[in-house]
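Welcome! Have the sequence and the 3D view open, and take the exercises below one step at a time.

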Amino acid sequence: MDNAFIKSIQDKKIKDSNSITFEDDKNNEAQLVFDEKSIKRTEFVRNNAHVSRKHPIYIEFYGVNYSIPIPRKKVRGIKTDEEIGKNPRQTIIQDIHGFARPGEILAILGPSGCGKTTLLNALSGRLSTKDVEGTIKMNGYQSTKDLKRFIAYCTQEDIFFPHLTVRETLTYTSRLRLPREVPISAKLEQVENVIQALNLSKCSNTKIGDIKVRGISGGEKKRVSIANELLTDPSVILLDEPTSGLDSSLALELVQTLKEFAVKQKKTIIMVIHQPSSQVFELFDRLLVMADGHVVYFGDGENIVDYLANEGFVCRPNFNPADYMLEILNDSTIKQKLITAYKQNMQSDSSGKLVVEKYYKSSTNPDDSIILESSKYKWEATFFQQLMILTERSFKQRSKVILSKLNFTQVLCIAILTSLIWFQLPYTEANLMDRCGLIFFTTSFWAFFPSLNTISAFPLDFNVLRKERQSRSYRLLAYFLSKQIAELPLIIIFPIYYILIVYWTTGLVPSASSFFAYMATAILATLTSQSFGYLIGATFMDIQAATMANAVIMLGSLVLGGFYAQNLPFGLSWLKYLSFMFYSYSITMEIQFNSPYAKFQCSNISQTNEYSQCLYPPNGSSDGYIQGVTVLEHLKLNVLPWYANLLILIGLSLIIRSLAYFSLRRNSNKR
Ligand SMILES: Nc1ncnc2c1ncn2[C@@H]1O[C@H](COP(=O)(O)OP(=O)(O)OP(=O)(O)O)[C@@H](O)[C@H]1O
């Protein structure tokens, strides 16, 4: 039926273009565009039905208070200890109440800083429960952690991976969050529907972007944020300023889509909105107006003008009531008056319980109060599916960051520099320390570079991770493992690329087995360094602090690595075992010096073939050459056998990664 309708519109368009004037033509085109958009909206709402399996939800809340502890330092000096009391607290919102039902929009309005976002956070369960008081019920039941799965929350900030396109972002969400029973083709179809419904076709293949990466516009980002939530078919949708950054016609269209979605799919919508136009205002069923953390009005949208008039504030005819209300609430005397007036009206019901219960009783019947059953699965995708999807996504996102031109150029420059400085080192005693220097430099470079590239991995993902974990998209372990799998091939490209150049230009031991062993050790050192990067990043969750901590750890490891300080003070020689560079340096030295090729001509060969002036012990220079093993003994780098060094390095890498996981877990559980 809809296709026939679209065709009739198109036929009409062709017919009209031959017969009407230019002005009429323009009006008709505008009408056609409007009709087509309306069809798209309807199609989206209708198409959503086949993935929908959730129940309509009534939300009631009353007596909602939120307060935060004030550090005692802040209040001391102004007040005495007795006045401060034991636990001084600052109230952010007080006795907030309201009600939202399926098929309707509850709009929360009020001046900036009045507590609107705080209320949404409380309703979505994002605030620490010990700081929130009051009752929040869903279909008459106390809101629980499990029931929060029915709620989608579009935050004020649009949080996405910048290197993914709009379509990719929505596709990953649909694969992770739509019910398992929905076939993948239906999930992809749903992505296309939501792209159409929110007018995102034009930018669907454009990267989301951020400050550094040019991407879609702010308004488009906002719509992607909403699309991302609508896609998953929530029963309740909380939106924090969904229309900010949109022009008035787009804002109207968006709220119309939401309203239609609410009505036809029985969704409950609660939105914080700043300056709705009068057309948008008309779409709201109920209003909650706040000021300074208090309720100033709660009731039907159409009654606000009369309520304000009763209080002595008459809105001029044809004036947008939302604008008028914000205008008067900006006057502190009027604001205070309205807060007091509302409190007086609610004298016997200060928490708002009776008002809310009255609404609930009048709008539900016993059949409606469905016992909410969350999905039988804790996560919609299986652990293995989560791992696959997240690995694919992480690879796409991180490959753009790790395989950057900057990183390749940096490694190439260092490889060229290394090749020039240590070009074709001769196998002589005089060049022994240069050879050790080259090997240690390579070890330390592959200790620093990977960790520096990794410390940002978790901090950069953290906001997305928290957002997605709050909507129970996947398990933390799946995310953590996916990161390791996705970044493994990316990070080892660099040591391979570097060693391929440097190994042959500097004249290291010319045998295939030594070359591959050397390469494998560089890769292992890279992975260990990467583990440190993960741990430091996951612990600090702040790139600047992590960079500093990384520098301290890496420099400490460098000093104790066995090259700079070979004879540590008495009693401190064990310190070198704390340095992971010591193990990788020992292995690479073993590869290079415990080899038949590793024979170094003594520097002071006299005419009479007496090699006694060789710096190394006589058994190393019996034939005029110092054996590589003698060098290893002299430098005390073969204290542990090579396989022990190897096992320690592997074990260290695994332990550090496990610690990184627990650190990430601890940080992601913080509110
Ligand atoms: N955890 C917190 N610590 C300190 N102050 C807080 C905290 N949470 C909220 N506030 C304060 O509470 C007030 C309400 O904040 P909230 O973000 O809810 O306001 P808002 O009405 O959404 O503002 P806007 O419209 O500008 O987004 C603000 O003054 C804010 O600074």
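Here are some short exercises, each with a worked solution.

This is a predicted model, in which local features need pLDDT of at least 70 and side-chain atom pairs count only at pLDDT 80 or more, while totals for chains, interfaces and linings use all residues. Residues are numbered from 1 along each chain as its sequence is written.

**Exercise 1. Describe the protein chain as a whole.**

Start with the secondary structure: the protein chain has 24 helices and twelve strands. Helices (H or I, at least four residues) and strands (E, at least two) are DSSP runs, numbered from the N terminus. Next, look at burial: of the 671 residues, 41% are buried. A residue is buried if 20 or more other C-beta atoms lie within 10 Å of its own, exposed if 12 or fewer, and partly exposed in between, with C-beta atoms placed from the backbone.

**Exercise 2. Find the residues around the ligand and sort them by class.**

First, list the shell: Ile68, Ile92, Gly110, Ser112, Gly113, Cys114, Gly115, Lys116, Thr117 and Thr118. A residue is near a molecule if its C-beta atom, placed from the backbone, lies within 6 Å of it. Then sort the shell, which has three nonpolar, six polar and one charged residues. Here Ala, Val, Leu, Ile, Met, Phe, Trp, Tyr, Cys and Pro count as nonpolar, Asp, Glu, Lys and Arg as charged, and the others, Gly among them, as polar. Finally, helix α5 (residues 116-124) gives the largest share of the shell, three residues.

**Exercise 3. Is Lys358 buried or exposed?**

Begin by locating Lys358, which sits in helix α14 (residues 353-363). Now count: Lys358 is exposed because it has 12 C-beta neighbours inside 10 Å. As a last step, go to Phe99, which is 259 residues from Lys358 in sequence and 9.9 Å from it in space, C-alpha to C-alpha.

**Exercise 4. Examine the backbone at Asp95 and at Asn139.**

Recall that most residues other than glycine have a negative phi. Asp95, in strand β2 (residues 89-100), has a positive phi near 50°. Asn139 also has a positive phi near 50°, and lies in the loop between β4 (132-138) and β5 (141-142). Asp95 counts as buried because 22 other C-beta atoms lie within 10 Å. Asn139 is buried too, with 22 other C-beta atoms within 10 Å.
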